[in-house]
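Colleague: Before I rely on any description of this structure, I should like to see how each term is justified. May we go through the reasoning step by step?

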Amino acid sequence: MNHGITLVWFRQDLRLWDNPALFAASERGSVLPLYVLDEGCLLGEASGWWLHHSLNQLNRDLNDSLRVVKGNPESVILDLLTKYPIDAVYWNRCYDPWRIAQDGRIKAHLKNLHIDCRSFQASLLWEPWSVLKSDETPYKMYTPFYRKVSFDMAPPRHPLPLPTHLKIIPITHSHTMQDIHGLGLHPSIPWYTSMEPLWDIGERAAQKKLQSFLKHELLGYKEKRNFPGEHQVSHLSPHLHFGEISPYQIWYEMQLKTYSKKVPLKDIEYFLRELVWREFSYYLLYHFPTLPEENFQKKFNSFPWKETPSHLKAWQEGKTGYPLVDAGMRELWKTGYMHNRVRMVVASFLTKNLFIHWKEGAKWFLDCLLDADLANNSMNWQWVAGSGVDAAPYFRIFNPIHQGEKFDEMGTYTRQFVPELSQLPKKWLFKPWKAPEEVLTAAGVILGDTYPYPIVDLKTSREEALLAYKQILRNS
DNA sequence: TGAAATGTTGGGGCG
DNA sequence: ACGCCCCAACATTTC
């Protein structure tokens, strides 16, 4: 067999382990690895920073030979075809609607040129088109979907090993480091300094994180994952988004844990349930590509959203006067991450107490989250707003005071991110405006000065929301 | 993976 | 000892 070079186009699969496209290419012969920063792709500031470092890591693992280009993937690939004897182009599938369309065009073009062009399944355990109800339509409820994939479908394939004989075409004039810098992903203003010490980026770091999660935090996951002051969550989301780790590996490590009997089944089940939620959001985005833009439930088109820039700004900056909400929003800003329980609370607050459209929240999250992901983000915002598929019922409105008292009882989380309230006793921590004057003084809190008064009243805004929701339901 | 309103029960204080 | 009321604790309903 005398093959030409196989071009491996990396996208959201920045790893060597269990990378089907890379594995197949390495079996075939020499490999030319490529990453294209698509000019049309909307990338948040925070995830851009992550991507910068992730590409650097991948490049190192590929012997400093990752080709990195900013531009239109189709023309970049065609250009490389003229420079190297490439006769195959492999990649792993992505599922964003614009990607699917683009990949289809590129594949057709390459096939016309008699290039062996193949795509592989790498970032989803089940292809969205392979999971359907008995009437051939897609699932719109999570639980039946979960049952179907977990118990009715063939189990996911086993992860692939590292390619054993990887022959990479070296770059003759090696400028890849500069090329990666040239993508302009690395921020010129050093806003990332508070995130830097918290995250280890790249495939190796992702592996380490999975192992330490399995060893330390998985035990007790079912209960403790709800408490933002505990650190009983995996923090794998950014690694998963960029494909630094394979969901297949996570899946099989969890199966192994099941046999080991050292961790109760319920902890493993609840973690896998979250992993399947990720599958479900990609699944929905595939079947309903307008999910990032349009209310899934059309009756929500007449919902009386408000445009209150000052409220939106207060929410973004973590100055709403509700300590748990503010803690969450400041965690996001400072760390590029937010605990899932708090994500639900701040999202409920934005949509149901401030009456601001979920798309505003989704936009902010995409810009600030290191794990910003179109599928997960769109589905979850619509879920909270009530407009989505199998969404939370409209009357499920979180009360940030009660949520704080229930899930951050000692106030460790809230005090960490809202330090100006750190001296406030827990009785008043989540409702400082109700605290007696002398308590506030003793804690060094001056309302309206060191910490804001609440920007809306919970009770009245809640009632207003319930009324509005009831109205759009009646009119539908 | 809600919260508030409303309903029910039972113990204890008190006349 | 009894009935009455209050209220906490829990359950159910409603949005």
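Modeller: Certainly. This is a predicted model. Chain A has 476 residues, for which a compact globule would have a radius of gyration near 23 Å; the value for chain A is 24 Å, which agrees.

Colleague: What are the dimensions of the box that the C-alpha atoms of chain A fill?

Modeller: Along the principal axes, the box is roughly 80 × 50 × 50 Å. Chain A contains 21 helices and 6 strands, and 42% of its 476 residues are buried. Of the contacts between residues at least 6 apart in sequence, 76% join residues at least 24 apart.

Colleague: Into which domains is chain A divided?

Modeller: The assignment gives domain 1 (5-123), domain 2 (124-159 + 203-287) and domain 3 (298-475). The centres of domain 1 and domain 2, taken over C-alpha atoms, are 25 Å apart. Their contact involves 16 residues from domain 1 and 18 residues from domain 2. On the domain 1 side, these residues comprise 7 nonpolar, 5 polar and 4 charged.

Colleague: Why is Val 389 called buried?

Modeller: The criterion is 20 or more other C-beta atoms within 10 Å. Val 389 has 22, and is therefore buried. Val 389 belongs to the loop between helix 16 (374-385) and helix 17. Neighbours within four places in sequence aside, Val 389 is in contact with Lys 140, Leu 284 and Phe 296.

Colleague: What makes Leu 160 partly exposed?

Modeller: A residue is partly exposed when its count falls between the limits of 12 or fewer for exposed and 20 or more for buried. Leu 160 has 19 C-beta neighbours inside 10 Å, so it counts as partly exposed. Leu 160 is placed in the loop between helix 5 (142-152) and strand 6 (167-168). Beyond four places in sequence, its contacts are Asp 18, Pro 20 and Phe 23.

Colleague: Is His 114 buried or exposed, and how do you know?

Modeller: The limit for an exposed residue is 12 or fewer other C-beta atoms within 10 Å. His 114 has 8, and is therefore exposed. His 114 lies in the loop between helix 4 (97-112) and strand 5 (116-120). Its phi is positive, about 60°, although His 114 is not a glycine.

Colleague: What is the phi of Phe 355, and what makes this residue partly exposed?

Modeller: Phe 355 has a positive phi of about 65° and is likewise not a glycine. With 19 C-beta neighbours inside 10 Å, Phe 355 counts as partly exposed. Phe 355 is found in the loop between helix 14 and helix 15 (358-368).

Colleague: How do you know that the buried residues of helix 17 line one face?

Modeller: In helix 17 (residues 400-407), the buried residues are Pro 400, Gln 403 and Gly 404. Viewed down the helix axis, they fall within an arc of 100°, so they line one face of helix 17. Among the elements covering them are helix 13 (323-335), helix 14 (340-353), helix 18 (412-417) and helix 19 (426-429).

Colleague: Which residues surround DNA strand B, and what makes a residue count as near?

Modeller: A residue is near when its C-beta atom lies within 6 Å of the strand. The residues around DNA strand B are Trp 277, Met 344, Ala 392, Phe 395, Arg 396, Ile 397, Phe 398, Asn 399, His 402 and Gln 403. By class, this surface has 6 nonpolar, 3 polar and 1 charged.

Conventions:
Residues are numbered from 1 along each chain as its sequence is written. Chains are lettered from A and ligands numbered from 1 in the order in which they are written. This is a predicted model: local features need pLDDT of at least 70, side-chain atom pairs count only at pLDDT 80 or more; totals for chains, interfaces and linings use all residues. Ala, Val, Leu, Ile, Met, Phe, Trp, Tyr, Cys and Pro count as nonpolar, Asp, Glu, Lys and Arg as charged, and the others, Gly among them, as polar. Helices (H or I, at least four residues) and strands (E, at least two) are DSSP runs, numbered from the N terminus. The arc is that of the directions from the helix axis to the C-beta atoms. Two residues are in contact if their C-beta atoms, placed from the backbone, lie within 7 Å. Domain bounds come from an automatic or database domain assignment. The radius of gyration is taken over C-alpha atoms; the globule rule is 2.2 Å times the number of residues to the power 0.38.
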